[in-house]
Amino acid sequence: MSQTTPPDSRSFPLRRQCPLAPPPEYDRLRAQEPVSEVRLPTGGTAWLVTRYEDVRTVLSSPAFSADGTRPGFPTLLPGHEQILRRPPFIRMDPPQHSFYRRMLTQEFTLKRVRTMRPGIQTTVDRLLDDLLARTPPVDLVEAFALPAPSLVICQLLGVPYDDHESFQSRSKAVLSGASTAEQSATALGGLRAYMDGLITRKQREPGDDLLSKLVSEQLEPAGELRRDELLMMCVMLLSAGHETTANMISLGAVALLEHPDQLAALRSDRGLLPGAVEELLRHLSIADLVTTRIAAEDTELGGTAIRAGEGVIALLAAANWDPGVFPEPERLDVHRGNRHHVGFGYGVHQCLGQNLARLELEIALSTLFARIPTLRVTVPVDELPYKHGGLLFGLHELPVSW
């Protein structure tokens, strides 16, 4: 697609009008222009894909590449061109992507993740003990939603939690639509420098953690990873490992409080919990914008011709609200109970940490509402500070009382 922006193409990203629903324009596009041209904030244009089946095609077909080094790969945030110069493996295609992913798969299997349940429960209980000892109102993001997954990923990777303010603020800057290109680049450089120092420490004093294992088994000269490759892998794991789940915990709490009948159903039947997590993942679709691709060859999608080298954005929220797949998609229904949503993506790039995220959400949300049955948000939901314009949707703050 040409880097000269056509005058009739619409600007993107589109803003959510209701924080618990995708932008309303997605419905019109899905019905009338399922593959449509949009103008990107970083320049140029891309194809926007909104139907469920088309989104899954983009995410699974080799005709659409995740290789961020290809010329014209679409970027949505200033400064992210720098990331694509040395991209993490999620911005690679097989076999390179498969090579890196295999190094991590065993750490995130369902069997492995289930062994983490007692530790996650202990972490959640301790955070809620501390929260309940404070005088409300309390920011649920700062006191609970953010530290819970941060503590879990720190323990898994072997990252000192005492450094959380540093890596959390830098991760937020990299993913935020409010950051300038300079701010994003500075934050990414800080994350890389931090992880570089941590790798050096693990070389001297290895521990019983994933980073130590990668350093001892995969880093050159004994292994096959260059230091810069290991750096980007661990930066991605650390950032994605806490930001995504933190946003889902806080937004999930709001969604359930806004649907008291669904919360009551969960309280009366804990067996609904796994399905409720799937429904929240579908309904909220916080990673709507992360699935960017580029056409690797001339192809066709939804009746539209796409040329090699043109950018494509497969909208997860639009797919997850496709009424042809999810009847009454606007209705939050904890009884819906399906797992074929694309909240974690689809195909070979489907989220590596999805089993861990599901477990964290189950424990965090069920324990939160069991321990604080009178929990309430202290300001109108539509006045809360949301993360518009970034790669991940979520909340900056969530003041609650009880």
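Valine 49 stands opposite alanine 314 of strand S9. In this predicted model, that contact belongs to the pairing of S3 with S9 (residues 311-314), which is parallel and comprises three bridges.

Strand S3 spans residues 45-49 and is mostly covered, with five of its five residues buried. Besides S9, strand S3 is also joined to strand S2 (residues 35-39); here the two strands run antiparallel and five bridges link them. Within this pairing, valine 35 has valine 49 of S3 as its bridge partner. Valine 49 is thus named in both pairings, being the bridge partner of valine 35 and standing opposite alanine 314 in S9. S2 and S3 form a hairpin with five residues between the strands, and glycine 43 in this hairpin adopts a positive phi near 105°.

A further group of strands was examined next. S5, S11 and S10 form an open sheet of three strands, in the order S5-S11-S10, with antiparallel pairing. Strand S5 (138-139) and strand S10 (376-377) each have a single partner strand and stand at the edges, so one side of each is left without a neighbour in the sheet. Two bridges connect S10 to strand S11 (residues 399-401), again in the antiparallel sense. The bridge partner of valine 377 is valine 400, located in S11.

Notes. Residues are numbered from 1 along each chain as its sequence is written. This is a predicted model: local features need pLDDT of at least 70, side-chain atom pairs count only at pLDDT 80 or more; totals for chains, interfaces and linings use all residues. Side-chain values use heavy atoms; hydrogens and water are left out. Buried means under 20% relative accessible area, exposed over 50%, partly exposed in between (1.4 Å probe, protein chains only). Helices (H or I, at least four residues) and strands (E, at least two) are DSSP runs, numbered from the N terminus. Two strands pair if DSSP finds at least two bridges between them.
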